[in-house]
Amino acid sequence: MAENKSKIVRPIILSAVLLTAGYFGYNKVSYMLHNEDTENSQLESNIIPVLPKIGGWVTEVLVKDNQMVKAGDTLAKMDDRDLRIRVQQAEVALKNAEANVALIASNSTTATAQVNTSDASLQAQTAGIETANAQIATANATVEAAKIRVWKATQDFNRFKTLFEQKSIPAQQFDAAKAEKEAADAAVEVAQRQVSTAQAGLTVVQKQTGIGEAQKSAAKTQVNSVSKQVDLAKTVVEQRKAELELAKLQWSYAVVTAPMAGQISKKSIQVGQLLNAGAPILNIVDNQNVWVVANFKETQIGNMQAGDKVQIKVDAYKGVEFQGTIESFSGATGAKFSLLPPDNATGNFVKVIQRVPTKILIADNHNPKMPLRAGMSVNVVVPVH
C-alpha cells in the first residue's frame with residue numbers, strides 16, 4: 001500500500017518541482033529580457049582636499065571630524081606675524097615711492113619755470129637786438145647827414161678861403177666858414193663813434209641771446225629728464241602697489257577657509273603642526289550632491305541611452321528603492337584609464353568583456369533619515385524594451 005502511495009506522490013512532487021522551476025526560469029528569462037542590472041556600482045560625490053597655499057605653524061583649529069561646514073568657513077589659522085610685517089614693509093615702500101613721485105614732480109615744476117624764464121629773457125633780448133639795430137641805422141643816417149654837412153662846409157670854406165685871399169670878404173666871414181667846416185668834421189667823428197657804440201651794444205645783446213638760448217635748451221633738457229624720472233617713479237609706485245597686494249594676499253592665506261560646503265573628513269591637522277604648502281590637511285565631502293557610477297558590461301549598454309529611468313537599491317537601506325536617471329556614459333571603458341591599460345596588439349590576445357562607467361543621477365538624495373555617502377555599494381536596474 002505504501003509502495004503504491006509512493007508511486008503516486010513522486011510524480012506529483014516531480015511535476016510540482018518542474019512547474020516551480022519552469023515558473024522561476026520563465027520569470028528569470030523575462031527579467032533578463034526586459035532589464036539590465038549590475039552590482040558593480042557605488043555612490044560618488046565631490047571630495048575636495050583642502051591644501052594650505054603657504055607653509056606655517058598652526059595656531060588654531062576650528063573644526064572637528066565629520067563636522068558640517070559652509071563655503072568660506074574658517075577651518076584653521078596659522079602664525080601670521082612674519083606675513084603681517086611683510087605687509088607693513090610693503091605699505092612703507094609704497095609711501096616712499098609716492099613721496100618720491102611728489103618730489104620729482106616739484107622738480108619738474110621748477111624746471112618748467114626755468115624754461116618760462118628763459119623764454120621771457122630771450123624775448124627781451126630779441127627786443128634789445130631790434131633796438132640795437134635801430135640805433136645802428138639811426139647812427140649810420142647821422143653819419144651820412146654829417147658827411148653831407150662836411151662836404152658843404154668844405155666847399156664853402158674853399159670858396160671863402162679864395163675870396164679871403166683876394167681880400168673880397170672880411171676875415172669874420174672866413175672864420176665862420178672855417179668854424180662850420182671844423183664843426184662838421186667833428187659831427188662826423190661823433191656820429192661814427194655812435195655807430196661803433198651801437199654795434200658793440202648789438203654784439204653784447206647777441207652774445208646774451210646765445211647764452212639765453214643755451215640756458216633755454218638746457219632747461220628743456222632738464223624738463224624732459226625730469227619728466228622721464230616722473231614716469232619711472234610712477235612705475236615704481238605701481239610696482240610697490242602690486243607688492244603690497246601680493247603681501248596682503250599671502251597674509252590672507254594664513255587663514256584656511258572651506259572652498260565649498262560639506263562634511264569634514266579625514267582631518268589630519270593639529271595645533272602646533274608645521275604645515276607645508278600643498279600638503280592635504282583634511283577633505284570636504286559634498287554629501288548634498290551624490291550620484292551613482294554603475295559599471296555596466298559593454299554588452300549591456302546597447303539597450304540603454306541617456307534619460308532612461310533607473311531603479312537603485314542601496315545596500316545600507318534594505319527594502320528601500322531610489323529612483324534615478326542615466327545622465328551620461330563614459331567616453332572610454334574603465335580599463336583604458338588604468339595605470340597599465342590593456343594592449344591587444346602585443347600578441348597574446350584574450351578577449352575580456354569590458355565595463356563602461358555610467359553616471360546616474362538620484363531623484364531624492366537629500367533624505368536626512370537615509371543619508372547617502374560616497375563609496376556606498378548599490379545595485380541598479382535599468383528597465384529596457
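Which residue of strand 5 does Val61 stand opposite? In this predicted model, the residue facing Val61 is Ala76 of strand 5. That pair is a handy way into an open sheet of 4 strands, and from there we can visit strand 13, the salt bridges and a lysine placed over a tryptophan ring.

**The open sheet of 4 strands**

- Reading across this sheet, the strand order is 6-5-3-8, and the pairing is antiparallel.
- Its edges are strand 6 (255–257) and strand 8 (274–275), each of which pairs on one side only.
- Strand 3 (residues 56–61) and strand 5 (residues 74–78) run antiparallel and are joined by 3 bridges. The Val61 and Ala76 pair belongs here, with Ala76 in strand 5.
- Strand 3 also runs antiparallel to strand 8, this time with 2 bridges between them. If you look for Gly56, you will find that its bridge partner in strand 8 is Leu275.
- As general background, strands of a sheet pair through backbone hydrogen bonds, in either a parallel or an antiparallel way.

**Strand 13 and its partners**

- Strand 13 covers residues 378–383 and is mostly covered, with 5 of its 6 residues buried.
- Strand 1 (residues 35–38) is one partner: it runs antiparallel to strand 13, and 4 bridges join the two. Within this pairing, Asp37 has Val381 of strand 13 as its bridge partner.
- Strand 10 (residues 309–314) is another partner, pairing with strand 13 in the antiparallel sense over 4 bridges. To find this contact on your screen, look for Val314, which stands opposite Val378 in strand 13.

**Salt bridges**

- The structure holds 5 salt bridges, and three of them are described below.
- Arg81 pairs with Asp79, and their closest N and O atoms are 2.8 Å apart. Arg81 counts as exposed because its relative accessibility is 53%, while Asp79 is partly exposed because its relative accessible area is 25%.
- Arg84 forms a salt bridge with Asp80, where the closest N and O atoms are 3.3 Å apart. Arg84 counts as partly exposed at 33% relative accessibility, and Asp80 is also partly exposed, with a relative accessible area of 22%.
- Lys359 forms a salt bridge with Glu327, with 3.5 Å between the closest N and O atoms. This pair links distant parts of the chain, 32 residues apart: Lys359 sits in strand 12 (residues 355–362) and Glu327 in strand 11 (residues 321–329).
- Lys359 counts as partly exposed at 27% relative accessibility. Glu327, at 38%, counts as partly exposed too.

**Lysine over a ring**

- Lys359 has a second contact to show you: it lies over the face of Trp291, at 4.5 Å from the ring centre.
- What about rings meeting rings? The structure holds 0 aromatic pairs.

**A contact far apart in sequence**

- Val92 lies in helix 2, which runs over residues 81–165.
- Val92 and Leu244 are 152 residues apart in sequence, yet their C-alpha atoms are 9.4 Å apart in space.
- Is Val92 buried or partly exposed? Val92 counts as partly exposed, because its relative accessibility is 47%.

Technical notes
Residues numbered from 1 in each chain as written. Predicted model: local features only at pLDDT ≥ 70, side-chain atom pairs only at ≥ 80, totals over all residues. Heavy atoms only, no water. Phe/Tyr/Trp six-rings, centres within 6.5 Å; stacked < 30°, edge-to-face > 60°. Lys NZ or Arg CZ within 6 Å of the ring centre and 35° of its normal. Buried < 20%, exposed > 50% of the residue type's maximum accessible area, 1.4 Å probe, protein only. Pairing = 2+ DSSP bridges. Salt bridge = Lys/Arg side-chain N within 4 Å of Asp/Glu carboxyl O.
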